[in-house]
Amino acid sequence: MNKRRFLSAMVLSALVTPSAWLSAQSSGQDMLYYSKVDEEQARQDARNSANEDEANAVLFSSSKIDWSRGTFTSNVSMDIVKAGIPMPSGKNAAVNKIKMELPVLIKDPLLSVYVDDTRTLSDMVLDGSLTLEELTRIIDNAKETPAYFKNGGDRLLTEHTIRLEDIGSLFVKHKSPYTQQKPIARIASRPYTGIVIDARGKLPVHGEFVESLVDPCLFPKVYDENMTLVYERNMVDPKIASKQGINSYFTDIHDKDFSNRVGDDPLWITASQVFGVYRCDPVISSEDYLRIATVPENLKLLQEGKIVILLGKEQIAHRVSAPEKNASYYMELTKLKYVFEDIVPNTIISDGPGGMRIIVEDLNFVADSAELMPNDKERVGIIAAQIRDVVAKGNYTIKVEGHTADVNKPAGQMQLSVDRANSIVDILTSIGVDKSIITSRGYGGTRPAADNSTPEGRAANRRVEITIMPTDSYTQRR
């Protein structure tokens, strides 16, 4: 029996006898795929993703982000002894080695940065809006301190700093800003020198019965309570947006750069809610929106990007880590690839920045409901059984995301995508997956994977994406 047929048989039996797969492993039959070649490949995959075992690692990197300074900083060190580089003659070679490996060391933490309320840099790479080559150029051209020795000369250290505005400039595509039309309603107001939105602390999430802190992103939007779009990137002069971003984030109003952005007489607004999948978009009152929109000078503040959003310290500056993808992780990923390619149709699995990314396409539900049709219930059951076995052998969390085709019913599509994501969660928990490690979200038709104008495109957009994410994070190692 070849490797894939063996796996197929074991998967199907595992649906009847949940312990079958693990029993096969303990009996030694698992060596059909846990071969020496697979093990070596898994170790190589771990090294390639900067997840080398600490005992064997030569390069180390830890990253942090500071939205008030607009910086993504990585502290990189090399163990000179392990690297076998003679000093001091080999210092230039060591520095060149660090520079060459920087994109791999920094990539995964950097890809977790929020671009807007629904997308990370990783999402932008996946949908083709950003290439890894473009990101590598940003990394290569960033500021780097001269390398210096520490710990008696055993470690060579350097600090690498990327300007968030340099990344944001890649997504500024408009040629000229557009201006909000004056609203019919009016309110007493006057010209101000800038706009400050205080979004500190937990706020009610618009349209949901929960509260959340507001997180920073490269391009936040501002809405009023009627969901009128008050501010977004295309309202800003593109030269300003590319050079300094569309807003600044602060927690301390006494920061010297605060008045540089909004002047000495800003309009102060307190956010009443937050919106967005990633909770990045402040929602303000209709009255505050009118204080901006009824005065031409204040509309010009939007064009000039004279906006500050106040957030808590924990949101402004923090460490940024990436999931630990060790050799065991890649062995499990390989197993799932074999299984899904052989017996589960319309299912794609890949290694995403956040973890194992499973896309279940062309899901068929009972019309306008979250109930799966029988054939798809069986397909999802097979997938769920494999996910259960993976998380039983390691520290993982699971993210389930629902998507619909876009049929011009945004509110209904959003709720339907939430309900359908929850139906997948129900299947996972029904076969023994701990509900506490699962989160779910719905995107409606806002993130199409294909063209909605064709039946094939709509089928691809009716999908669920499941990410199996390692919970352990750590310094990147190479």
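Below are three short exercises with worked solutions on a predicted model.

Residues are numbered from 1 along each chain as its sequence is written. Local features need pLDDT of at least 70 and side-chain atom pairs count only at pLDDT 80 or more, while totals for chains, interfaces and linings use all residues; side-chain values use heavy atoms, with hydrogens and water left out.

**Exercise 1. The whole chain**

Task: Find how the radius of gyration of the chain relates to that of a compact globule.

Solution:
- Start with the rule, 2.2 Å times the number of residues to the power 0.38, with the radius taken over C-alpha atoms.
- For 478 residues a compact globule would be near 23 Å, and the chain has 25 Å, which agrees.
- Next, look at burial: 51% of the 478 residues are buried (under 20% relative accessible area; exposed is over 50%, partly exposed in between, with a 1.4 Å probe and protein chains only).
- Finish with contacts, meaning heavy atoms within 4.5 Å: among those between residues at least 6 apart in sequence, 75% join residues at least 24 apart.

**Exercise 2. A sheet and its helix**

Task: Work out which strands stand at the edges of the sheet β10-β9-β14-β13.

Solution:
- Settle the terms: strands (E, at least two residues) and helices (H or I, at least four) are DSSP runs numbered from the N terminus, and two strands pair if DSSP finds at least two bridges between them.
- The sheet is open, has 4 strands and shows mixed pairing.
- β10 (229–231) and β13 (273–275) each have a single partner strand, so one side of each lacks a neighbour in the sheet.
- Neighbouring strands are turned by 35° against each other on average, direction ignored (axes are lines fitted to C-alpha atoms, for helices over the stretch in contact; angles run from 0 to 180 degrees between N-to-C directions).
- Helix α11 (residues 286–293) packs on this sheet, touches β9, β10 and β14, and makes about 95° with the direction of β14.
- Inside the sheet, β9 (residues 222–224) and β14 (residues 281–284) run parallel, joined by 2 bridges, with tyrosine 223 opposite valine 283.

**Exercise 3. Strand β22**

Task: Is strand β22 largely enclosed or open?

Solution:
- Count the burial: 8 of the 8 residues in 463–470 are buried, so β22 is largely enclosed by the rest of the structure.
- Split the side chains: Arg463, Glu465, Thr467 and Met469 point one way, and Val464, Ile466, Ile468 and Pro470 the other.
- In a regular strand the side chains alternate between the two faces of the sheet.
- Now add the partners: β19 (residues 355–360) pairs antiparallel with β22 over 5 bridges, and isoleucine 359 stands opposite glutamate 465.
- β20 (residues 396–403) also runs antiparallel to β22, over 8 bridges, with tyrosine 396 partnered by proline 470.
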